[in-house]
Amino acid sequence: MIPVNEPWLQDEDREALLECFNSGWISSAGPYLEQFESAWAAYCGVKHGIAVSNGTTALQVAVEAVGVGASDEVIMPSFTIISCASAVVRAGGLPVLVDCDPVTFCMNADEVAAKVTPRTKAIMVVHMYGHPVDMDPIVAVARRHDLKIIEDAAEVHGAEYLTRRGTTHAAWRRCGGMGDIATFSFFANKLITTGEGGMVVTHDDELAKRSRSLRNLCFQPSRRFLHYEHGYQFRMTSMQAAIGLRQVDRMDTIIARKRWAAAGYTKALGGVKGLQLPAQLDYGHSVYWVYGIVLDDAVPFDAAEFARRLAAVGVETRPFFLGMHEQPVFHEMGLLRDECHPVTERIARRGLYLPSGLALTQEQIDSVSAAVISVMEAA
Ligand SMILES: *Cc1c(COP(=O)(O)O)cnc(C)c1O
């Protein structure tokens, strides 16, 4: 079976891990975390990095750092991982969903303005599958209504967005550096991995301070075991930071590998009838985190059946996300019921992603493509 993800760690990562281990700095104290935080923040073009235990806890910290609390609304995409909506619900807030774009699978920027109410506190943008969200219209809404922007950049390490396109001020900006606060995941299938891990990044000194405090039980600097606020224990270990550090220097190579794999699939699958392949719009430099494909409505089977047929010929895949408005756990809580987000509903049933790990070889790309073609031709 060709695995859907295989990480791509190097000798230098093992050496860094061993050096950390031998130094005795195995908890979250010591120099490795600060080095990793400042290296990743600098890469994203922001001032502060706050490493945490994973991308889900990063979202929890970010949501609470911007002050989302009881009955505050946060506008976010329906098509995303549950971590986004969970963070808001756990903070006492309400997720307010917008549908996604059928081409980029990113939240539909045009729907955001209509969802703003007096209770809206923030907009959570989630860059999807390597492609940036169209930020400018969302930033404009946020400015108009004084809302915070939380960027979930877990799937777009190093991706870029062309801001103010069509003007003389057009400029490429890295994802994670455009919101008030942004989050990353370093899970094993992300562009940088520390096994498990995550980071909150921000330009804002106050948000950074709050994030650091929330990560570490809200201990007071002046009196350690005195607490005015309810925090979390979401710290990352030095050993994880040591693994991540060298990868920051390898970002160009990592992104080039992702783009190479995506180009390989696109070349092989470009002419296949019935398949929608990943696109890159003029305002985005995608990093092709995963190679997501969607079956046209005319194809006589759905993504679940497609996955079974591909598995039968040795190709592991993953289904697309299922919309937040289709989650029984939220319905049970009386949330997100009776909503309809047709694009999310369609791609959740028609989409899956192919093996996309950084360790993917040309031979594997060829075999996967041949398997896809054979399954589609048998349709
Ligand atoms: C992976 C991912 C997360 C969660 O990251 P974990 O490290 O697995 O908790 C959050 N948001 C998005 C968009 C993701 O893809």
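**Exercise 1. How many residues, at least, does the lining of the second largest cavity draw from each of domain 1 (11–249) and domain 2 (251–378)?**

Solution. The model is predicted: local features need pLDDT of at least 70, side-chain atom pairs count only at pLDDT 80 or more, and totals for chains, interfaces and linings use all residues. Residues are numbered from 1 along each chain as its sequence is written, and side-chain values use heavy atoms, with hydrogens and water left out.

Step 1: terms. On a 1 Å grid over the protein atoms alone, a cavity is a set of points where a 1.4 Å probe fits but cannot get out; a pocket is an open set with protein on both sides within 12 Å along at least five of seven lines; lining residues have an atom within 4 Å of a point. Points are joined across faces, edges and corners, and a volume is the space filled by probe spheres set on them. Domain bounds come from an automatic or database domain assignment.

Step 2: size and lining. The second largest cavity holds about 70 Å³ of space. Its lining has 14 residues, of which Pro7, Trp8, Lys190, Leu191 and Leu358 are the closest to the centre.

Step 3: domains. Each of domain 1 and domain 2 supplies at least three residues to this lining.

**Exercise 2. Describe the largest cavity and its place relative to the domains.**

Solution. Step 1: the count is four cavities of 30 Å³ or more, and the largest has about 90 Å³ of space. Thr104, Tyr129, His131, Pro278 and Ala279 are the closest to its centre among 13 lining residues.

Step 2: sort the lining by class (nonpolar: Ala, Val, Leu, Ile, Met, Phe, Trp, Tyr, Cys and Pro; charged: Asp, Glu, Lys and Arg; polar: the others, Gly among them). The result is eight nonpolar, five polar and no charged residues.

Step 3: the largest cavity lies between domain 1 (11–249) and domain 2 (251–378), because both give residues to its lining.

**Exercise 3. Do the same for the largest pocket.**

Solution. Step 1: the volume of the largest pocket is about 510 Å³. Ile81, Phe187, Asn189, Lys190 and Trp289 are the closest to its centre, out of 29 lining residues.

Step 2: the lining comprises 13 nonpolar, 10 polar and six charged residues. Helices (H or I, at least four residues) and strands (E, at least two) are DSSP runs, numbered from the N terminus. Helix H3 (55–65) and strand S13 (318–319) each supply at least two lining residues; H3 gives the most, with three.

Step 3: both domains give residues to the lining of the largest pocket, so the pocket lies between them.

**Exercise 4. Place aspartate 13 and state whether it is buried or exposed.**

Solution. Step 1: aspartate 13 is in helix H1 (residues 11–23).

Step 2: buried means under 20% relative accessible area, exposed over 50%, partly exposed in between (1.4 Å probe, protein chains only). Aspartate 13 counts as buried because its relative accessibility is 3%.

Step 3: beyond neighbours within four places in sequence, aspartate 13 has contacts (heavy atoms within 4.5 Å) with Ile243, Arg246, Gln247 and Arg250.

**Exercise 5. Trace the strand pairings of S12 and S3.**

Solution. Step 1: two strands pair if DSSP finds at least two bridges between them. Strands S12 (residues 291–295) and S14 (residues 351–354) run antiparallel, joined by four bridges, and isoleucine 293 stands opposite leucine 352 in S14.

Step 2: these strands belong to an open sheet of four, ordered S10-S12-S14-S13 with antiparallel pairing. S10 (275–276) and S13 are the edge strands, each pairing on one side only.

Step 3: strand S2 (residues 73–77) runs parallel to S3, with five bridges; valine 74 stands opposite proline 95 in S3. Strand S3 (residues 94–98) is largely enclosed by the rest of the structure, because four of its five residues are buried.
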